[in-house]
Protein chains: 2
Amino acid sequence: MLYLVGLGLGDAKDITVKGLEVVRRCRRVYLEAYTSVLTVGKEALEEFYGKELILADRETVEQEADSILKDADVCDVAFLVVGDPFGATTHSDLVLRAVQLGIPYQVIHNASIMNAVGCCGLQLYNFGETVSIVFWTDTWKPESFFDKIKRNRQNGMHTLCLLGKGRKIYEPSRYMSVNQAAEQLLDIIRNRRLQGEEPEITENTICVGLARVGAPDQKIASGTLYQMSTVELGGPLHSMIVTGTMHPLELEMLKLFSVDSSNFENNAFQKTT
Amino acid sequence: MLYLVGLGLGDAKDITVKGLEVVRRCRRVYLEAYTSVLTVGKEALEEFYGKELILADRETVEQEADSILKDADVCDVAFLVVGDPFGATTHSDLVLRAVQLGIPYQVIHNASIMNAVGCCGLQLYNFGETVSIVFWTDTWKPESFFDKIKRNRQNGMHTLCLLGKGRKIYEPSRYMSVNQAAEQLLDIIRNRRLQGEEPEITENTICVGLARVGAPDQKIASGTLYQMSTVELGGPLHSMIVTGTMHPLELEMLKLFSVDSSNFENNAFQKTT
């Protein structure tokens, strides 16, 4: 059996009881190392699970699926994923390969950033399409995510923005901060104005910055997009939400996290359509 | 401290290790009884946790927040929620009341239907707004969810449909099945045609029916909307997805669950815009 086990978002103890039992009885346990980071390292996980973990980076999973799946028809193999196995990154490739080889699989779910962002008080069913904000280079400055955020907001929907990061686990500098993401959005707004467009999203649009969701030192800050460009949220991982139309209860919750409550309400009731 | 603890979707062992430790040390432990059901009852949870649980239905949470929060400034109280505390139903009211009373709170996340539906292979970031399909009565037949699904599909997005259910945990007959949801959508399509509209969504649109996601007897079936009106998925909870534009990898995954693979591909490549 192949087990795809979600580890949740915080530390070693965010695995489910069921997941932990599976890990402890598997012959081989792989740890997916490329989509996200927990607040603890591989060693802390190994100690808590009482198991040696084999790091599997993107290349391993794509090119060595067959070695991961070796003998999984006669013994148990676990593939551990930070968050949920079908969260921001899916593991369809590995599942499809297992099915081709006649290997049964089971998913042990957990929280992922895709549902845990609900902790800021914005309701998950009011989110539209999720976007990824990628690092710009001197020659490559895509703006397509901006148009998706705009479309969501026109429809009254919030947008979860996943922030670009590097491929390897030990490249912390490649994780994008909320400040950097907000700067890129402000750049796009300036560009659009130069082109004569009055953008749907402005420096006063209410956003939410989230850092290390699910960890003990999680930080949430709400305020204008401009405020997001300077707010101090600490280390990775960061995500950002651009709000759409807010329900009064959503607004009450966001106020708990406001950078500057004095002008919060005015900006929150900006016209969105 | 008030702890909001997600229980996940399957059985008693889907709680996280961290969540279990919290439950075992809390003075009072409430179980929210109105938004969802696990595959096991209160007694099984009590036995596994080694704690007596106090059932809190919707009325209790809304009207008796203060009794739930009593002394939570000096002792630990847990509020257990099937899925994630900020999943399909949020618990903002309880959090806001705690903050007003100066009681600190902590959220222990878990999987919810909002992210676990990713197990069918459709990518979560390609979902638009989530809709609730409610039971029609003779005199009340709202169609607004249909227009939201239509808008998502026009934008290429998938739609997660949460299916209407009763308020009390012991009213299994009030849970809507995928068959019933599909029938209501087919009714709306017939109405729209009578009004001269050629609907974006037809009996041939590819949908996914999901039952008991995260439980050992979970069932997933993909096929046309028409096929969803007769597919046999067993007991609650059910959810349904109406697909938008599919990526080839998403399609490969859905084929694993197809009711009738022979005509699957043709329908999947229907024009969506």
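B:K18 forms a salt bridge with A:D11, with 3.3 Å between the closest N and O atoms. B:K18 lies in helix α1 of chain B, and A:D11 sits in the loop between β1 (2–6) and α1 (17–25) of chain A, so this pair joins two chains. The model is predicted.

**Salt bridges across the two chains**

How exposed are the partners? B:K18 has 15% relative accessibility and counts as buried, because buried means under 20%. A:D11 has 19% relative accessibility and also counts as buried.

A further pair involves A:K18 and B:D14. Their side chains meet in a salt bridge at 2.9 Å, N to O. A:K18 belongs to helix α1 of chain A, while B:D14 belongs to the loop between β1 (2–6) and α1 of chain B, so this pair too joins two chains. A:K18 is buried at 15% relative accessibility. B:D14 is buried at 6%.

In general, side chains of opposite charge can pair when their charged atoms come close.

**How the chains are related**

What operation lays chain B on chain A? A turn of 180° with a shift of 0.0 Å along the axis does so, and the RMSD is 0.0 Å. That is the relation of a two-fold axis. Both copies use the same surface: 100% of the contact residues of chain B recur in chain A.

**Salt bridges within chain A**

The whole structure holds 36 salt bridges over all chains. One of the pairs inside chain A is A:E203 with A:R193, whose closest N and O atoms are 2.9 Å apart. This pair links distant parts of the chain, with the two positions 10 residues apart in numbering terms: A:E203 is in the loop between α8 (178–194) and β8 (206–211), and A:R193 is in helix α8. Both ends are partly exposed. A:E203 has a relative accessible area of 25%. A:R193 has one of 32%.

There is also a network in chain A. Salt bridges that share partners join A:E143, A:D147, A:K150, A:R192 and A:E197 into one group.

The table gathers the pairs described so far.

| Salt bridge | Closest N and O atoms |
|---|---|
| B:K18 and A:D11 | 3.3 Å |
| A:K18 and B:D14 | 2.9 Å |
| A:E203 and A:R193 | 2.9 Å |

**Domains and recorded positions**

Chain A is divided into domain 1 (2–111) and domain 2 (114–268). Their centres, taken over C-alpha atoms, are 30 Å apart.

An unreviewed UniProt entry lists A:L9, A:D84, A:G87, A:S112, A:I113, A:L163, A:V213 and A:H238 under "binding site". Two of these positions, A:D84 and A:H238, are taken up here.

A:D84 is in the loop between β4 (77–81) and α5 (92–100) of chain A. Is A:D84 buried or exposed? A:D84 is buried, with a relative accessible area of 2%. Beyond its neighbours within four places in sequence, A:D84 is in contact with A:G6, A:H109, A:N110, A:A111, A:S112 and B:N115. With A:H109 the link is a polar contact, side chain to side chain, at 2.9 Å. A:S112, a contact of A:D84, is itself in the recorded list.

A:H238 is in strand β10 (residues 238–242) of chain A. A:H238 is buried, with a relative accessible area of 9%. Its contacts, leaving aside neighbours within four places in sequence, are A:L163, A:M176, A:S177, A:V178, A:L210, A:A211, A:R212 and A:L233. Which backbone atom lies 3.0 Å from a polar atom of the A:H238 side chain? The backbone nitrogen of A:V178 does. A:L163, a contact of A:H238, also appears in the UniProt list.

**B:R25 in helix α1**

Back in chain B, B:R25 is in helix α1 (residues 17–25). B:K18 lies in helix α1 of chain B as well. B:R25 is partly exposed, with a relative accessible area of 46%. Which residues does B:R25 contact, apart from neighbours within four places in sequence? They are B:Y3, B:K51 and B:D76. The side chains of B:R25 and B:Y3 make a polar contact at 2.9 Å. B:L101 is 76 residues from B:R25 in sequence, and the two are 22 Å apart in space, C-alpha to C-alpha.

Notes: Residues are numbered from 1 along each chain as its sequence is written. Chains are lettered from A and ligands numbered from 1 in the order in which they are written. This is a predicted model: local features need pLDDT of at least 70, side-chain atom pairs count only at pLDDT 80 or more; totals for chains, interfaces and linings use all residues. Side-chain values use heavy atoms; hydrogens and water are left out. Helices (H or I, at least four residues) and strands (E, at least two) are DSSP runs, numbered from the N terminus. Buried means under 20% relative accessible area, exposed over 50%, partly exposed in between (1.4 Å probe, protein chains only). Contact means heavy atoms within 4.5 Å. A polar contact is a pair of N or O atoms within 3.5 Å; within protein, one must be able to donate a hydrogen and the other to accept it, and residues adjacent in sequence count only if both atoms are side-chain atoms. Copies are superposed by least squares on the C-alpha atoms of residues with pLDDT of at least 70 in both. A salt bridge is a side-chain nitrogen of Lys or Arg within 4 Å of a carboxyl oxygen of Asp or Glu. Domain bounds come from an automatic or database domain assignment. UniProt positions are given in the numbering used here, feature names are shortened, and annotations may be inferred rather than shown by experiment.
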